[in-house]
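Me: I am new to this structure and would like a close look at a single part of it, followed by whatever helps to place that part in its surroundings. Please take me through it slowly.

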Amino acid sequence: MRATPIVELPFDLLCLALPLSLAMVHTFLVVLDTELYRVTTSDNARIQDTFAYLKFESADAHHILGRISFDQCDYYQLKNSVHLPDDRTPADIILECLDESNWQKVHPVQSLQTLAQSLSDSYVYIVIKPKEGELCATEGAIAILNRDHQEIFSRLQIRVYRLQRWTMEDVTHNMAGGRLYLPNDECLVKLSEIEASLTQHRTYKVPSAPENRNYRNACQYTEHFHNIFEWTSNQSGTATDREFIAFFNVLRCFDKDSKHISADSSSTLKTSYFI
C-alpha cells in the first residue's frame, strides 16, 4: 500500500458563525475507502456530516464522493480506535483500520458522540466505505453513454492541458470547429431561441406529480425547484418525469459545489470541481 498523506480539512466558518463560548469543534481522523483524512466537525454533528465535510472540503475526497450521496456509503465505528503516533506511517494506520474484525456498523444519523466521549486529532474512529457497486454503476453508465451516443458523449468531454487549470487555449481546443460567442456578441437566432427557452419555467400538473417518487425527490431542493418548475392548471405540463430525475441527480451531486463556484470567479476553481 502506498504512503498516504493526511489531508487537512479547514472548518473556519463554523467558528465565525457561532459565539466563541459556543464554538465547540472536534478534529479527528477518518478512513475513507483506503485513504486517511483529518476532519473537523461541530460539537453536535452526526456521522453523516463527516461525509459532507469530506465531500465538500477536500478535493481528493471529492473525486471519490462527488457522484454519490451519504446514504450510498456504509459507516463502521472502530471498536478500538486506532492511534496515529509520530513513528507510524499513514499507510500502516490505514492497514490496521481496514481490519474488519474491529468494525461495528453504525447508522449515519447517529451522533458523533457515540464514537467516543472525547474525540482526539491523533485517533481514527470511523471507516467510511462506498457501497459495493455504487461507483461501478456510475462508470458503467458513462461507458453505455459513450457506446450508444458517441457523438453526444464527445461533446461532453472537456480536455485541459493542465489539471485544475482552464485557459482560453483550452476553450479553443475544445470547440471542435465551433465558434465562441462572448456575452456581448450578436448570437445566432437559434442560440437566442435556446437561451429564451431556458429562461422559461417548465410546467407540471400537480394531481399526478406528487404520486411520483422522482417528483418528490426533486422537491427536496425547494429554491432551485421553484426557479425551474411551476404548477399549471392545464391538462398537462411541459415537464417530463425524466426532467425530475435529471434535476435531482445534478443537484444531489453539485448543489453545494455550485455555491462555491458562483462565489469565486477563478477558472482554476471551476475546473478542479469537475475533473
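Reply: A good place to begin is strand 3, which covers residues 35–42 and is mostly covered, since eight of its eight residues are buried. The model is a predicted one, and the description that follows should be read with that in mind. The partner of strand 3 is strand 2, made of residues 25–32, and the two pair in the antiparallel sense over eight bridges. To follow one of these contacts by eye, find L29 and look across to strand 3, where its bridge partner is R38. Strand 2 and strand 3 together form a hairpin with two residues between them, and in the turn D33 has a positive phi of about 60°.

From the hairpin we can turn to the aromatic rings, of which a search of the whole structure finds 14 pairs. One of them joins Y123 and Y125, whose ring centres are 6.2 Å apart and whose planes stand at 35°; the pair counts as tilted because that angle is neither under 30 degrees nor over 60. The two members differ in their surroundings, for Y123 is partly exposed, with a relative accessible area of 28%, whereas Y125 is buried, with a relative accessible area of 5%. Another pair, formed by Y204 and F225, is edge-to-face, with 5.6 Å from centre to centre and 65° between the planes. This second pair links distant parts of the chain, as Y204 lies in strand 7 (residues 202–205) and F225 in helix 10 (residues 222–228), 21 residues apart. Y204 counts as buried at 8% relative accessibility, and F225 is buried too, with a relative accessible area of 1%. Both rings also belong to a cluster in which ring pairs link Y204, Y215, F225, F229, F244 and F247.

The next feature to find is the second largest pocket, which has a volume of about 560 Å³. It is lined by 22 residues, and those closest to its centre are S69, F70, Y221, F248 and R252. The elements that give two or more residues to this lining are helix 2 (47–57), helix 9 (213–218) and helix 11 (241–262). Helix 11 gives the most, with seven residues. In chemical character the lining of the second largest pocket is mixed, as its residues divide into nine nonpolar, six polar and seven charged.

Helix 11 is also the place of F254, which counts as partly exposed at 26% relative accessibility. F254 and F56 are 198 residues apart in sequence, yet their C-alpha atoms are 9.7 Å apart in space.

Last, a word on the cysteines. The count of disulfides in the model comes to zero. Two cysteines can serve to show how the surroundings vary: C97 is buried, with a relative accessible area of 0%, while C219 counts as partly exposed because its relative accessibility of 27% lies between the 20% and 50% limits.

To return to the starting point, strand 3 is the part to keep in view, with eight of its eight residues buried and eight bridges to strand 2.

Conventions:
Residues numbered from 1 in each chain as written. Predicted model: local features only at pLDDT ≥ 70, side-chain atom pairs only at ≥ 80, totals over all residues. Heavy atoms only, no water. 1 Å grid on protein atoms, 1.4 Å probe; cavity = no way out; pocket = protein on both sides within 12 Å on 5 of 7 lines; lining within 4 Å. Points joined across faces, edges and corners; volume = space filled by probe spheres on them. Helix = DSSP H or I, 4+ residues; strand = E, 2+ residues; numbered from the N terminus. Nonpolar A, V, L, I, M, F, W, Y, C, P; charged D, E, K, R; others polar. Disulfide = S-S within 2.5 Å. Buried < 20%, exposed > 50% of the residue type's maximum accessible area, 1.4 Å probe, protein only. Pairing = 2+ DSSP bridges. Phe/Tyr/Trp six-rings, centres within 6.5 Å; stacked < 30°, edge-to-face > 60°.
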